[in-house]
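Please look through the model shown here together with its sequence before reading on. The report is arranged by region, under short headings.

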Amino acid sequence: MKSFFYHSQKWAVITLVSMGTLLLSPLSNSQDNFTHLPITNEGWLKPFTPLRIINNLYFVGSYELGQFLITTNEGHILINTGPHGSVPLIKTSIETLGLNFNDIKILLTTQAHWDHVGGLAEIKRITGAQMLALEDDAPVLEDGGSSDYKHPQGRDPVFEPVMVDKTLSDGDVIELGDFRLNVHHHPGHTKGASSYSFTTAVANTNYSVLIVNMGTINSGVTVSGMPGYESIQEDFRETFISQLELSPDIYVSAHAGHFYLHEKFKPGDVYDPTRFIDPDGYVEKIKYYQKIYLDQLEEERATQTQ
Ligand SMILES: [Zn+2]
């Protein structure tokens with residue numbers, strides 16, 4: 001077992017993290033001027049086998065969190081990280097695939113929540129990658145979650161702020177080398193929640209692929225409208241409509257359970273993109289979250305009219 005040393009400035013401790021791959025030096029000086037929310041799900045930082053999903057799309061996440069690498073002829077696009085402390089896992093996953101971590105050129109996220117963006121600033125610092133984000137999530141990324149809509153009065157940062165180099169809108173196309181990635185604004189979960197799609201071919205058959213942000217509702221959120229997010233009801237409604245209009249052959253998402261990663265792939269399985277073909281599972285999952293939204297909306301309305 002090889003090891004990796006990680007230096008946390010805030011706590012002034014050296015923590016030994018057993019990683020399975022030798023990393024000779026600390027990745028970078030972490031800037032820990034934020035509140036470290038407790039990691040309540042041990043799967044968030046539990047290593048998982050990195051895998052090739054289809055062609056140039058790879059899973060480089062943890063057991064529970066979906067982080068995705070897209071390779072191109074001019075470098076990589078990384079979508080999502082985990083919370084603070086997740087960068088060594090991502091780096092190890094990328095290197096285990098035989099790819100170069102320093103080739104990350106573009107950083108994206110599907111939602112500006114701390115459990116998916118806690119490593120972006122660190123990776124940007126190490127690789128010099130450009131941070132691209134939906135316009136409505138950019139302020140939250142840049143202030144470390146202080147302006148999250150659940151906290152209209154503001155709060156201390158809960159992840160390392162990451163400066164956004166370019167903002168994105170629905171319908172934008174991200175270009176890197178010969179690769180094109182379509183941007184979908186799917187607000188509700190966060191104001192700038194987003195999904196990304198592309199089409200790719202295997203043996204002369206085209207497959208549409210969607211990295212989707214599921215419209216889940218966090219505890220404490222009022223979907224009929226709340227002070228920090230007046231249009232949340234309409235946003236969620238439009239997001240589910242938009243997501244049902246998309247009909248991906250293959251979908252993946254920010255949490256393993258959202259796309260049944262552990263049912264579709266077991267460590268040791270060989271590369272086979274067909275294992276991820278699941279158009280019906282996609283529709284079922286979107287409708288499942290849509291129903292939760294509609295049920296909660298109905299409940300809120302019933303309470304409000306009492
Ligand atoms: Zn979230």
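What follows describes a predicted model, beginning with a metal site and ending with a set of paired strands.

## The zinc site

Three side chains coordinate the zinc ion, namely Gln111 through OE1, His113 through ND1 and His189 through NE2, at 2.0 to 2.2 Å. Along the sequence these donor residues follow the spacing Q-x1-H-x75-H. His113 belongs to the loop between strand E7 (104-108) and helix H2 (114-117), while His189 belongs to the loop between strand E11 (179-185) and E12, so the two histidines tie together parts that are 76 residues apart in sequence.

Both histidines are also enclosed by protein when judged by relative accessible area, for which buried means under 20%. His113 has a value of 9% and is therefore buried, and His189, at 5%, counts as buried as well.

## The largest pocket

The largest pocket holds about 310 Å³ of space. Its lining is made up of 21 residues, and those nearest the centre of the pocket are His113, Trp114, Asp115, Lys150 and Asn218. His113 thus appears in two settings, as a donor to the zinc ion and as one of the residues nearest the pocket centre.

By residue class, the lining of this pocket divides into eleven polar, six nonpolar and four charged residues.

## Helix H3 and other buried positions

Helix H3 spans residues 120-127, and because six of its eight residues are buried, it is largely enclosed by the rest of the structure. The buried residues are Leu120, Ala121, Glu122, Ile123, Lys124 and Thr127, a list in which Glu122 and Lys124 stand alongside Leu120 and Ile123. After the helix comes Gly128, which has a positive phi near 75°.

Thr81 is found in the loop between strand E6 (75-79) and helix H1 (87-96), and its relative accessibility of 0% places Thr81 among buried residues. The C-alpha atoms of Thr81 and Leu108 are 9.1 Å apart in space, although 27 residues separate the two in sequence. Leu57, in strand E4 (residues 57-59), is likewise buried, with a relative accessible area of 0%. Between Leu57 and Val209, which are 152 residues apart along the chain, the C-alpha separation is 9.2 Å.

## Strands E12, E13 and E14

Strand E12 (residues 194-202) runs antiparallel to strand E13 (residues 205-212), and seven bridges join the two. Within this pairing, Tyr196 stands opposite Ile211 in E13. The two strands form a hairpin with two residues between them, and in that turn Ala203 has a positive phi of about 50°.

E13 also pairs with strand E14 (residues 250-253), here in the parallel sense and over four bridges. Val209 stands opposite Ile250 in E14. To pass from E13 to E14 the chain goes through helix H5 (residues 232-245), and the resulting β-α-β crossover is right-handed. Ile211, which faces Tyr196 in the hairpin, has Val252 as its bridge partner in E14. The two faces of E14 are both covered, with Ile250 and Val252 buried on one side and Tyr251 and Ser253 buried on the other.

Methods: Residues numbered from 1 in each chain as written. Predicted model: local features only at pLDDT ≥ 70, side-chain atom pairs only at ≥ 80, totals over all residues. Heavy atoms only, no water. Pairing = 2+ DSSP bridges. Right-handed = clockwise from strand over helix to strand, strands pointing away. 1 Å grid on protein atoms, 1.4 Å probe; cavity = no way out; pocket = protein on both sides within 12 Å on 5 of 7 lines; lining within 4 Å. Points joined across faces, edges and corners; volume = space filled by probe spheres on them. Nonpolar A, V, L, I, M, F, W, Y, C, P; charged D, E, K, R; others polar. Donors = N, O, S within 2.8 Å, 3.2 Å for Na, K, Ca; no water. Buried < 20%, exposed > 50% of the residue type's maximum accessible area, 1.4 Å probe, protein only.
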